[in-house]
Amino acid sequence: MAQVLIIDDDRGIRQLLRRIIEARGHVAVEADTGRTGVDAFQQQSFDLVLTDIVMPDMDGNQTIVHLRKLNPSIKIIAVSGGGRARNLTPLQLAKQFGADRILEKPFRRDDVLRTLDEMLGGGQAPSAA
Amino acid sequence: MNSLVRQIDTVSRESASAATLSFGATPALVRTIDLYTVRVHLGVRFPTIVEQLHLRLRQDIPQLVGANGWICPVGDLFYMVVLWGMNEDSATGLVQRFLKRIHAHLRDMRVETAGLFIPVNAAHLDRRGRPRIDAIQSLEEGDGIVEPSLDYATALLAAAPEDRSSFAFEPVWNVRQGVVSAFRCIRMEPVSPAMTNGEAAVAERLETSRIAGSDLGMLRHAIAEWSKLPADAVCLLIVPVHFDTLAGVGSRRDFLQACSAIPAALKRLLIFEIERVPEGVLAGRVLEVARHMRPFCRSVTALVSFDCQSFDAIQRAGIPIVACNAGGTRSEHQCLPLMERFVERAEKLKLLTGIYGIRSVSLTTAALAAGFVYIGGEAVSSLAERPRGLFKFEMADVYRSELDT
């Protein structure tokens, strides 16, 4: 069972991701901004972080930079739809800043599960925090 | 203004107000006389001379208006004229005589008044004694009222040095081209609070005159700083000017006169941004304002409120770009949804969009995701004392400070 931190300013997306993650037997913790996500990361140990990119106060790429400084080996998935303009440049940049994977919104449940399994080692025996 | 003049101001206003209200059901005529061109003309001498001017005019007023109304100073930049029992022509004649007195007193104080144009705006009081601006106009020129000249335009641009710290230039990133191609002149302090309406119409009009003076100062500053650019540094220069400045005949005349002194080389690079285009204004008004500006610039754009619901008038006036400002007191949480809706409304009308005052990386990302084509603000690059040549800029550059720390 892995500890997964979900950072997204959209409550609906957070809850959707939480359901998917918990259905796989992992524990999900939610944060609604990059800043609160970084705070949570400093207080608790996580195996994986899923972060949105377009967020107020601290965007996803800034969040990734902070998380990498706190834990260079943390696994990070960046998630974004590029907004109305479908501009995916910030999401594509996430890899430069240290995201292990990127996931485009709108995503399908299977895409999330597959990415989770790949990142957490198949999903059969998720590592403990 | 010293205490004596302040006292005159207060007493006069109270008397005018009482007289006006006691006048009851008969409509009165109202004019406002703007002295901001006098301030521009006098520069640093203005505070001393205007004090004397108020005192001298104080002696003239009873003779001029008698029992037919009131003329009183409002602050040191305006006079309010309230007249009753008069038709328009008589009122115009009386105001012209008052303007002649202003010119005469200035000449007595050894001020050269040739070419000095003093704008007058028309309004009226309604049946309940409340001021209503029905049209913004200036008196026709006549004795003692002189048309502004080209020399005067040059003087408007050259006179009355502004405090350099009042203005700065924000870089504007053209997202599609991947280049910071323009610098937008901004005020470091807001020029006035939000627009008012109803009973505050006259007060608003007085405020508008102050804003017109500030617009002139900004144009002067922008041109002066642009002229310091090295010959090989090319960039577009965005200069905001308030819609009200261009909608009022008097203030527009002064602004256009100042524009006539813009160097030809700058006209090819200059973008006038019509600021605070009122929501619901007729397209014809916007078109008229834009048409006045086009001979002096490369393009005309519009700046509207973040939550403006309709850009129809702007689109119908042939303005290709509509922009908003993310500065101010709104939090980023509040800005993000507004950004998306702004772009959505503009794109329906095939307008390009700009957003300025972007102060953080996260807002830049949000602006990009919302689909803004032009993004300006400190997050792109620091505010500058003067414009500089265009330079390449990509999204990764937004994060440069994050990576450097």
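B:Phe372 touches B:Val175, B:Cys324, B:Met339, B:Phe342, B:Val343, B:Thr353, B:Gly354, B:Ile355 and B:Ala367, not counting its neighbours within four places in sequence. This is a predicted model. B:Phe372 is also among the residues with the most contacts inside the largest nonpolar core. Chain A and chain B, in turn, bury about 1800 Å² between them.

**Nonpolar cores**

- The largest nonpolar core holds 115 residues.
- Besides B:Phe372, the residues with the most contacts inside this core are B:Trp173, B:Phe272, B:Met339, B:Ile355 and B:Ile375.
- Another core lies apart from the largest one and has 38 residues.
- Among the residues of this other core are B:Leu53, B:Ile61, B:Val81 and B:Val82.
- In soluble globular proteins, nonpolar side chains tend to be buried together.

**Where chain A meets chain B**

- Chain A brings 24 residues to the contact, and chain B brings 21 residues.
- Of the area buried between the two chains, 63% is on carbon and sulfur atoms.
- Three residues, A:Gln62, A:Arg84 and A:Phe97, supply 32% of the area that chain A buries against chain B.
- No other three residues supply more of that area.

**Polar links across the interface**

- There are zero salt bridges between chain A and chain B.
- Six residue pairs are in polar contact across the interface, with both residues at pLDDT 80 or more.

**The chain A side**

- Helix H3 (60–70) and helix H4 (89–97) of chain A each give at least two residues to the side that touches chain B.
- H3(A) gives the largest share, five residues.
- By class, this side of chain A has 10 nonpolar, eight polar and six charged residues.

How values were computed: Residues numbered from 1 in each chain as written. Chains lettered and ligands numbered in written order. Predicted model: local features only at pLDDT ≥ 70, side-chain atom pairs only at ≥ 80, totals over all residues. Heavy atoms only, no water. Contact = heavy atoms within 4.5 Å. Buried area = accessible area lost by both parts, 1.4 Å probe. Salt bridge = Lys/Arg side-chain N within 4 Å of Asp/Glu carboxyl O. Polar contact = N/O pair within 3.5 Å; in protein donor to acceptor, adjacent residues only side chain to side chain. Helix = DSSP H or I, 4+ residues; strand = E, 2+ residues; numbered from the N terminus. Nonpolar A, V, L, I, M, F, W, Y, C, P; charged D, E, K, R; others polar. Core = buried A, V, L, I, M, F, W, Y, C linked by side-chain atoms within 4.5 Å. Buried < 20%, exposed > 50% of the residue type's maximum accessible area, 1.4 Å probe, protein only.
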